[in-house]
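Q: Got a minute to go through this one with me? I'd like to talk through the contacts.

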Protein chains: 2
Amino acid sequence: MQIHSEILENKGIRPSVQRVRIFKFLMKSKEHPTVEMIFNALLPEMPSLSRTTVYNTVELFKEVGLVQVLDFGRGVLRYDADLSPHSHFECERCGAVYDLDIKPQDISKKMPRGFKVHQTYFYVFGLCSHCKKNEKN
Amino acid sequence: MQIHSEILENKGIRPSVQRVRIFKFLMKSKEHPTVEMIFNALLPEMPSLSRTTVYNTVELFKEVGLVQVLDFGRGVLRYDADLSPHSHFECERCGAVYDLDIKPQDISKKMPRGFKVHQTYFYVFGLCSHCKKNEKN
DNA sequence: TTCTATATTTGTAATCATTACAAAATTAAA
DNA sequence: TTTAATTTTGTAATGATTACAAATATAGAA
């Protein structure tokens, strides 16, 4: 089990205080946070933290392959440090995002001639069990 | 083969000149246009057209189920009047969007208890054959 | 350690797609 | 026609993200 700062160093980026805190937060978060969520969560313990730093940092993490970016079409990007192949569900009522234990299909074989696949995303939208139950409201 | 204005009427919306033109354009377009692309394409033949009308109209079309909205994470939404189950490929180099003849998997059966699936999207990113060929550049 | 160059962080200002809103124009109904 | 409702239009706001430059922190050389 590697310590967080080592993981950053292995990716060739300097483990600054801000980066390590943001990375830790992403690692333990299960809610696929937005930049705003990360910023608000860390602000109490790092009062000088800047939103721009969070933006810079998640962009950097994306580039070195520490996080994947999720876009549920709400005009806000979400970040996921879980890089294992899985899919995502967003509840259209409450906006919560859940992991789905389903691998996005590998379609490299089925692509038109000459096409190269880099990444696949499988997004599912609907109602989560909680919102489904209260559907009358 | 229904005429375009009839399709709009069947969906319960008034077939105004603007709506019919926008709908026709979406039906024949294969490039999954953005609002800006629709606007620019129609402006020469309808000089009074407003961007806002295009925004209003595609939103209306989405609500009545005439188009689906695609989000490739570029900060712009694209619109597709082809509602048959298929997936989408975006070239990371040139930005072109291609239809893939692949049905997004139906996972209603595999969902956690109580969850309800409304829609699924399968997005693939990579290089199209043209950009792959010129990869050196 | 101190100096210096480089990297990182910060805050503010710009960008840009989209949305809000209200006035003008069009259409439908009476 | 007259009136009411719908649609279109243009401009102004919104809000996430990016650009940018000044301030701060860090690493390495001396």
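**A:T34 and its surroundings**

A: Let's start with A:T34: leaving aside its neighbours within four places in sequence, this residue is in contact with A:V76, A:L77 and A:R78. Keep in mind that this is a predicted model.

Q: Where does A:T34 lie in chain A?

A: A:T34 is in the loop between α2 and α3 (35-42) of chain A.

Q: And is A:T34 buried or exposed?

A: Buried, because its relative accessibility is 9% and the cut-off for buried is under 20%.

Q: OK, on to the DNA. How many residues surround DNA strand C, and which are the closest?

A: There are 16 residues around DNA strand C, and the closest are A:S16, A:R19, A:S48, A:T53 and B:L77. On the DNA side, sugar and phosphate make up 75% of the strand C atoms that come within 4 Å of the protein.

Q: Which side chains have an N or O atom by a phosphate oxygen there, then?

A: A:S48 has a side-chain N or O atom 2.8 Å from a phosphate oxygen of DNA strand C. For A:T53, a polar side-chain atom also sits 2.8 Å from a phosphate oxygen of strand C. From chain B, the side chain of B:Y55 puts an N or O atom 2.9 Å from a phosphate oxygen of DNA strand C.

Q: Which elements give two or more residues to that surface?

A: In chain A they are α2 (17-28) and α4 (51-64), and in chain B it's α4 (51-64). α4(A) gives the most to the surface near DNA strand C, with 3 residues.

Q: How does the surface near strand C break down by class?

A: You get 4 nonpolar, 9 polar and 3 charged residues near DNA strand C.

Q: Now strand D. Which residues come nearest?

A: Of the 16 residues around DNA strand D, the nearest are A:L77, B:S16, B:R19, B:S48 and B:T53. Sugar and phosphate account for 77% of the strand D atoms that come within 4 Å of the protein.

Q: What about distances for B:S16 and A:Y55?

A: A side-chain N or O atom of B:S16 is 2.3 Å from a phosphate oxygen of DNA strand D. For A:Y55, a polar side-chain atom lies 2.9 Å from a phosphate oxygen of that strand. There's also a backbone N or O atom of A:G75, 3.3 Å from a sugar or linking oxygen of DNA strand D.

Q: Which element gives the largest share of the surface near strand D?

A: That's α4(B), with 3 residues. The residues near DNA strand D divide into 4 nonpolar, 9 polar and 3 charged.

Q: Switching topic: which residues touch the most other members in the largest nonpolar core?

A: That core has 24 residues, and the ones touching the most other members are A:F89, A:L100, A:I107, B:F89, B:L100 and B:I107. The elements giving two or more residues to this core are β3 (87-91) and β5 (116-127) of chain A, along with β3 (87-91) and β5 (116-127) of chain B.

Q: What is A:L100 in contact with?

A: Neighbours within four places in sequence aside, A:L100 is in contact with A:H86, A:S87, A:H88, A:F89 and A:V124, plus B:I107, B:M111 and B:P112 from chain B. Apart from this core lies another, of 23 residues, including A:I22, A:F23, A:V54 and A:L66.

Q: Last one: how is chain A divided into domains?

A: Domain 1 covers 4-67 and domain 2 covers 87-133. The C-alpha centres of these two domains of chain A are 24 Å apart.

Notes: Residues numbered from 1 in each chain as written. Chains lettered and ligands numbered in written order. Predicted model: local features only at pLDDT ≥ 70, side-chain atom pairs only at ≥ 80, totals over all residues. Heavy atoms only, no water. Near = heavy atom within 4 Å. Polar contact = N/O pair within 3.5 Å; in protein donor to acceptor, adjacent residues only side chain to side chain. Helix = DSSP H or I, 4+ residues; strand = E, 2+ residues; numbered from the N terminus. Nonpolar A, V, L, I, M, F, W, Y, C, P; charged D, E, K, R; others polar. Core = buried A, V, L, I, M, F, W, Y, C linked by side-chain atoms within 4.5 Å. Buried < 20%, exposed > 50% of the residue type's maximum accessible area, 1.4 Å probe, protein only. Contact = heavy atoms within 4.5 Å. Domains from an automatic or database assignment.
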